[in-house]
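Me: Please examine closely how the helices of this model pack against one another, and what lies around the ligand. A single connected account would be best.

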Amino acid sequence: MPPRVSRTAEWPFSSIDARGEDHSTKAAVAGPESYPRAVHHPPPARHGRADVAVIGGGIIGCAAAAIMADRGARVILVEGSAIGAGASGRNLGAIQHPFDPVLAPLYAESLTRYRALADMSDAGFSLGREPAGLLLLNHDLDAAARQAVRLQAAVPELHPRLLDPDAVVALEPSLARGPAAVRLATGFPVPPASATEAWARLAEERGAQLLVGSPGHPRRRDGRVIGVALDDGTQIDAEAVLVAAGPWSPRLVDPDGGWDRIRATYGVTVQLDLGEAAPRHIVEEDDLDGINRADAATERAAGADESDPPSLFSIASAGGVSTLGSTFLPDEPDPTGIEMLLTRRAAAFMPAVAEATVVGRRMCARPQSVDGRPFIGPVPGVSGLFVCTGHGPWGISTGPASAAIAARAVLDSTAPPVELDAARPI
Ligand SMILES: Cc1cc2nc3c(=O)[nH]c(=O)nc-3n(C[C@H](O)[C@H](O)[C@H](O)COP(=O)(O)OP(=O)(O)OC[C@H]3O[C@@H](n4cnc5c(N)ncnc54)[C@H](O)[C@@H]3O)c2cc1C
């Protein structure tokens with residue numbers, strides 16, 4: 001039995017509910033007084049009760065908690081470390097088209113959800129009205145031309161435009177003259193942790209309780225889930241548990257190791273103050289295969305020289321900080337060595353990187369699914385247990401829509417799309 005909820009309509013697409021309250025985007029954006037105030041459940045001390053317990057405070061867990069709490073479900077989210085402690089706080093900060101026809105609608109829906117979040121007066125999150133644009137750099141003009149033709153056929157809505165080396169520097173003066181590029185009408189740069197933090201705030205605002213600081217795992221009895229046990233001894237009773245723990249999800253779904261659908265692919269990013277030289281576009285070395293099929297990238301990395309692993313130049317600037325990426329590595333690397341590698345390689349594309357002040361360095365793992373698409377929905381064989389993970393390099397771009405699919409699976413027993421179903425054969 002799914003948990004009972006008071007609203008069938010879903011923020012920000014909702015409108016008038018059974019009690020006559022307007023929960024539409026318009027109402028939500030009007031200001032805090034127009035939507036239900038936060039209902040803070042008392043801290044559970046050593047025992048809590050929820051309709052749904054969510055494990056993981058990344059973009060998926062926080063967005064799912066907000067969406068379910070808005071529908072009236074009593075939600076407790078447990079985060080073992082800190083909100084955005086994983087990739088959701090340490091990504092590049094690019095909300096962009098994922099170049100996959102199954103994931104593209106999730107990107108479009110996530111953009112709508114992000115706009116509603118940004119339009120809320122107190123969200124602390126902003127998104128440009130128009131995409132900054134994505135430049136895919138290629139040293140081979142013919143290869144760039146072929147890519148432009150391919151992308152025109154695959155994603156005409158992104159208006160791919162071939163740029164020769166002169167046009168590239170005219171459009172993005174921070175780049176060195178050399179590579180050609182394909183410009184695409186996608187890419188919204190945001191401070192990397194800002195989306196997750198905004199979803200977490202909305203979740204609390206809508207009444208979800210966030211318990212941060214102690215990891216948890218699903219409690220099971222007689223083939224069904226009965227709640228979550230935290231390492232600090234707290235027990236939470238819940239009718240349903242949603243595992244949204246990124247690359248840590250497999251062991252929570254199946255402690256015996258039978259749910260082996262996610263690989264960790266480690267990425268290091270370097271935060272730079274580039275001043276006036278900060279790029280306006282999101283800029284990436286053109287290797288869509290490496291980005292879309294991170295398993296291919298990690299295979300390449302596995303055989304490579306450890307001191308010189310493959311990386312893809314990518315950079316996005318938001319809030320006065322440029323984030324430079326990244327690697328796709330199967331094992332946790334030494335981030336200091338990778339920092340030097342990334343800045344050296346990037347300086348060949350963007351000379352100002354060589355002189356820029358380094359203001360930070362981050363490392364974390366992407367939850368890379370074995371077939372490139374997330375796993376969402378009920379876990380077969382354990383009643384009440386759900387999962388939503390496997391977004392690889394696209395979790396910020398597509399995560400809010402995935403979270404909504406997971407929320408509907410939990411609250412309404414709605415089946416996820418077959419291509420994303422957690423139970424699909426692989
Ligand atoms: C370098 C890099 C750059 C990226 N750039 C982009 C980008 O520009 N655009 C984009 O769309 N995507 C990007 N991504 C991918 C994106 O960041 C991820 O797909 C997304 O953040 C995954 O979100 P998640 O919520 O599934 O997992 P996570 O962010 O990993 O969150 C899982 C959370 O669960 C917690 N947790 C784990 N185990 C437990 C437990 N037992 N109990 C309680 N809590 C637990 C963790 O502490 C963590 O906070 C990038 C990733 C990397 C690594």
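Reply: The crossing of α2 and α12 is right-handed (the near helix is turned clockwise from the far one by less than a right angle; anticlockwise would be left-handed). This is a predicted model, in which local features need pLDDT of at least 70 and side-chain atom pairs count only at pLDDT 80 or more, while totals for chains, interfaces and linings use all residues. Residues are numbered from 1 along each chain as its sequence is written, and side-chain values use heavy atoms, with hydrogens and water left out.

The axes of α2 and α12 are 8 Å apart and form an angle of about 45° (axes are lines fitted to C-alpha atoms over the stretch in contact, with angles from 0 to 180 degrees between N-to-C directions). α2 is therefore oblique to α12 (under 35 degrees is roughly parallel, over 145 roughly antiparallel, 65 to 115 roughly perpendicular, the rest oblique). Helices here are DSSP runs of H or I with at least four residues, and strands are E runs of at least two, numbered from the N terminus.

On the α2 side the contact (heavy atoms within 4.5 Å) is made by I59, I60, A63, A64, I67 and M68. α12 contributes G395, I396, G399, P400, S402, A403, A404, A407, V410 and L411. By class, 13 of these residues are nonpolar, three are polar and none is charged (nonpolar: Ala, Val, Leu, Ile, Met, Phe, Trp, Tyr, Cys, Pro; charged: Asp, Glu, Lys, Arg; polar: the others, Gly among them).

α2 (residues 59-70) also packs on α7 (residues 194-205), at an angle of about 30° and with the axes 8 Å apart. The two helices are therefore roughly parallel, and α2 passes α7 in a left-handed crossing. I59, C62, A63, A65, A66 and A69 of α2 meet A195, T196, W199, A200, L202 and A203 of α7. That contact has eleven nonpolar residues, one polar and no charged. I59 and A63 thus take part in the contact with α7 and also in the contact with α12.

α12 (residues 395-412) has a further partner in α4 (residues 104-119): their axes come within 7 Å and cross at roughly 90°. α4 is therefore roughly perpendicular to α12. From α4, L106, Y107, E109, S110, R113 and Y114 take part. They meet I396, S397, T398, G399, P400, A401, S402, A404, I405 and R408 of α12. Eight residues of this contact are nonpolar, five polar and three charged. In the loop between β3 (94-95) and α4 lies F99, whose phi is near 55°, a positive value in a residue other than glycine.

S397, one of the α12 residues that meet α4, leads to the ligand. Around the ligand there are 40 residues (a heavy atom within 4 Å), and E79, S88, A94, G392 and S397 come nearest. A backbone N or O atom of S397 lies 2.7 Å from a ligand oxygen atom, and a polar side-chain atom of S88 lies 2.6 Å from an oxygen atom of the ligand. A backbone N or O atom of L92 is 3.0 Å from a ligand nitrogen atom.

Conventions: Polar contact = N/O pair within 3.5 Å; in protein donor to acceptor, adjacent residues only side chain to side chain.
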